[in-house]
Amino acid sequence: MKTLEMSLLAGAYVQPRFPCNYNPTLSASCRTQKTATSLTVTTPKKTEKALFTESFDQTRDAQPLPEKKKRVFFLDVNPLCYEGSKPSLHSLGRWLSLFLEQVSHTDPVIAVIDGERGSEHRRKLLPSYKAHRRKFTRHISSLQRFSSGHVGRSLQVINDVLGKCNVPVIKVDGHEADDVVATLAGQVLNKGFRVVIASPDKDFKQLISDDVQIVMPLPELQRWSFYTLRHYRDQYNCDPESDLSLRCIVGDEVDGVPAAIRTVGRPYAQDALKNHADYLRRNYEVLALKRDVNVQLIEEWLIKRDNRNDKIALSAFFKYLEESKELTNSGRPSFYNG
């Protein structure tokens, strides 16, 4: 039987291979799955917070996946640069320090940053896509009176501290970081490694498998927590291959992707799918991660990471942030010399 992904593209409804139990209250806290630019409703068995809490002790002493293959980590940088909805390099420094010390250790880490104009393709398909984030950025700029070089200096500082920690930084203009991660993750898997994606972004759930897992920052616990295939099945009562279909239907309020179905019961849902096939196909294009970005994995990214300079680099980073805060309050410019 065809999966729902195929049925969306064909404009007809085919019942998914796996029945999904979905909790609508979770969608407001989730970012959406994305593509590249240049990718009867019931309550789930357990809430996402409960699943993360259960894995607290697991991440302290043991890894969720058996050590059959070596791991390669992808670090999704952009969302870590926010404290709630407020831009914060202190947030990045705190989560990076915990990540390198408690999670990745000497395993290879590849950091990925959103490219310039990375969201344009999706915004052409759906103007509401991340519209509130564009307004928020303009609002912050006017309030804090950022200079024209502020963003460039921030990126330079991020690149520098990651480089000193022996973490390569990848940025592909015209593409969002999620698409770059999805593309490189496929190449890493082909090399026989396991993939761990470090990100709070729920978009990556569509990639979860036996060899792909997510590790998410939990602000309430001030630590990272693994989210695996087992966690996904416990939460949604289906496999991740149905994740994209599910999100096409329920949408994502956080990223401005509207839902297609707000009724309960199979007859209502099937009618909605038939009547809104074009709507669903558009959501599919917006939400699906692209896996064919023009970026190639470099072998040296897969070697054991030398972590001996981590403490020195992070100490210099935090020192710069404190000095920068003081100088900003005094109206004088600050310079990073990590």
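Which residue takes a positive phi in the hairpin of strand 7 and strand 8? Keep that question in mind while we walk through this predicted model, starting with the whole protein and then following one strand.

The protein has 338 residues, and 49% of them count as buried. Its accessible surface comes to about 16800 Å², with carbon and sulfur atoms making up 51% of that area. Along the chain you can find 13 helices and 8 strands.

Now let's look at strand 7, which covers residues 212–218. This strand is mostly covered, with 7 of its 7 residues buried. In a regular strand, side chains alternate between the two faces of the sheet. Try tracing the two directions here: V212, I214, M216 and L218 point one way, while Q213, V215 and P217 point the other way. Whichever way they point, all of these residues are buried.

Next, see what strand 7 pairs with. Strand 6, residues 194–198, runs parallel to strand 7, and 4 bridges join the two. To find a spot where they meet, look for V196, which stands opposite Q213 of strand 7. Strand 8, residues 223–227, also pairs with strand 7, but in the antiparallel sense and over 5 bridges. Here a good place to look is M216, whose bridge partner in strand 8 is S225.

That brings us back to the opening question. The hairpin of strand 7 and strand 8 has 4 residues between the strands, and Q222 is the residue with a positive phi, near 55°. Find Q222 in the structure, and you can see where it sits in this hairpin.

Methods:
Residues are numbered from 1 along each chain as its sequence is written. This is a predicted model: local features need pLDDT of at least 70, side-chain atom pairs count only at pLDDT 80 or more; totals for chains, interfaces and linings use all residues. Side-chain values use heavy atoms; hydrogens and water are left out. Buried means under 20% relative accessible area, exposed over 50%, partly exposed in between (1.4 Å probe, protein chains only). Two strands pair if DSSP finds at least two bridges between them. Accessible areas come from the Shrake-Rupley method with a 1.4 Å probe; for residues, only the protein chains shown count as cover.
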